Amino acid sequence: MPLSLHPTTGDSAWFTHDRFGLFIHWGLYALAARHEWVMQKEEIAPEKYRSRYFARFEADLFDANDWAQRAANAGMKYVVFTTKHHEGFCLWDTELTDYKVTNAPLGRDVTREVVDAFRARGLKIGLYHSLIDWSHPDFEIDDQHALRFHPDRENLDEGRDQSRYAEYLHGQVRELLTNYGKIDLLFYDFSYPERFGWTNTKTGGPFRGYKDRTAWDAENLVKMCRELQPQILINDRLDLEDVEAGWDYTTPEQFVPREGVVKEGKRVVWESCQTFSGSWGYFRDEESWKSPQQLIGILIESVSKGGNLLMNVGPTGRGDFDERANEALQVYARWMKRHQKAIYGCGPAPDGFVTPGGCALTSNEKTNRLYLHVLLWPFEQLHLENMAGHIEYAQLLHDASEVRFSETTALANADAGEHAALTETQKRGTVTLRLPVKMPDVVVPVIELWLKNE
Ligand code: GLC
């Protein structure tokens, strides 16, 4: 029996069906083009950071429709957009600070344009919102802050009031959940409670200034979100593990969990977030861009383990996607055009199916079809253990070309005779698919198996 799914307070039905979304990290850090944490990594004081980048955020090529069209072409069904990252710069027309995009040269409400463009193409809308804010004067300086090693740290921290910051945070989220229509998902980022056991990176001593649920008044924050948008899905980075209705889904970052995620005997809704290269914000000189095989492989692996993939783009300071990102999105577009049936509405294979080496399985319970993703193309034969009697028909998914197969019902099978010695080891109950010698010209070929209704 497959484990049952942990219920969510928000609506997760669309989420576990759609499986594939686009993460967008955009902010002033796109201009530095060397990681979205540049302010922190290089210990740049907030005023200095602001004076260097704010007045230069022209983004003359920004076109939310172009972004949305590329995501839709790639087969992505939802977007998660950074309304504010740790730097503190706001990408919507907030009334609570002047550090916002409508005051920068670009002068447009980017969040509104993004929401409208993606919604117009039928994608669901998710907002990323940073809990951390290195520019806000009330955000208490901790050992992760951009000012952590500032010689005048103690003085700069004087008079800061984290609870006032929490009010600002609540006020901003209220704006976002009130003025932009239906928001399907909120991705908060992130808490660092004491149990993390961090150290100060310079002294090696204990970390000062952990921030847990109390730093955000997180329980009330979630309550407000659920009042304003009752169907909203909320991620798990508010430090509310043990709070009923505290979160809906979990967000493994830069990896796919080995076997999905299970908590207290129930499967949990999860989404792996990943980047095309190493960082989330646009990073000009990064070279670790994933290959087409890896891009498609991560998506397949996530779904085969019952999760989602949220793949990230960091638009440039001009406001468009870098050509390397466009190419990566094209890889998805080409593959998803012919293989989306093996992704949407799919999850892991039913219990008892053995995944052959070099393959991954996804299945659609509703249509009773199994999808065999062949990551490593074998020579002519592919053996499926314990499947004899269960398969009605098989074809390559991209072109609906039949794949013939035979079944081994007895130890000495039909092929015996002169090759008896070789087939002796063939297991009873095995299905052998007859594949073309030449691998089809798609990044990962998929074989669609119609299962018998049993
Ligand atoms: C992280 C990082 C960050 C990124 C993110 C995505 O915790 O701080 O820069 O936005 O999570 O999951």
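1. The protein chain folds into 13 helices and 17 strands. The model is a predicted one, and the points below should be read with that in mind.

2. On overall dimensions, the radius of gyration of the protein chain is 25 Å, close to the 22 Å that the globule rule gives for 454 residues, so the chain is as compact as a globular protein of that length. Along the principal axes, the C-alpha atoms of the protein chain fill a box of roughly 85 × 45 × 45 Å.

3. On packing, 42% of the 454 residues of the protein chain count as buried. If contacts in the protein chain are limited to residues at least 6 apart in sequence, 70% of them join residues at least 24 apart.

4. The domain assignment splits the protein chain into domain 1, covering 13–341, and domain 2, covering 359–451. Taken over C-alpha atoms, the centres of domain 1 and domain 2 are separated by 42 Å. The two domains touch: 13 residues from domain 1 and 11 residues from domain 2 take part in the contact.

5. Which elements give two or more residues to the side of domain 1 that touches domain 2? They are helix H11 (292–304) and helix H12 (323–339). H11 supplies the largest share of that side, with eight residues.

6. As for composition, the residues on the side of domain 1 that touches domain 2 comprise six nonpolar, four polar and three charged.

Technical notes
Residues are numbered from 1 along each chain as its sequence is written. This is a predicted model: local features need pLDDT of at least 70, side-chain atom pairs count only at pLDDT 80 or more; totals for chains, interfaces and linings use all residues. Domain bounds come from an automatic or database domain assignment. Two residues are in contact if their C-beta atoms, placed from the backbone, lie within 7 Å. Helices (H or I, at least four residues) and strands (E, at least two) are DSSP runs, numbered from the N terminus. Ala, Val, Leu, Ile, Met, Phe, Trp, Tyr, Cys and Pro count as nonpolar, Asp, Glu, Lys and Arg as charged, and the others, Gly among them, as polar. The radius of gyration is taken over C-alpha atoms; the globule rule is 2.2 Å times the number of residues to the power 0.38. A residue is buried if 20 or more other C-beta atoms lie within 10 Å of its own, exposed if 12 or fewer, and partly exposed in between; C-beta atoms are placed from the backbone.
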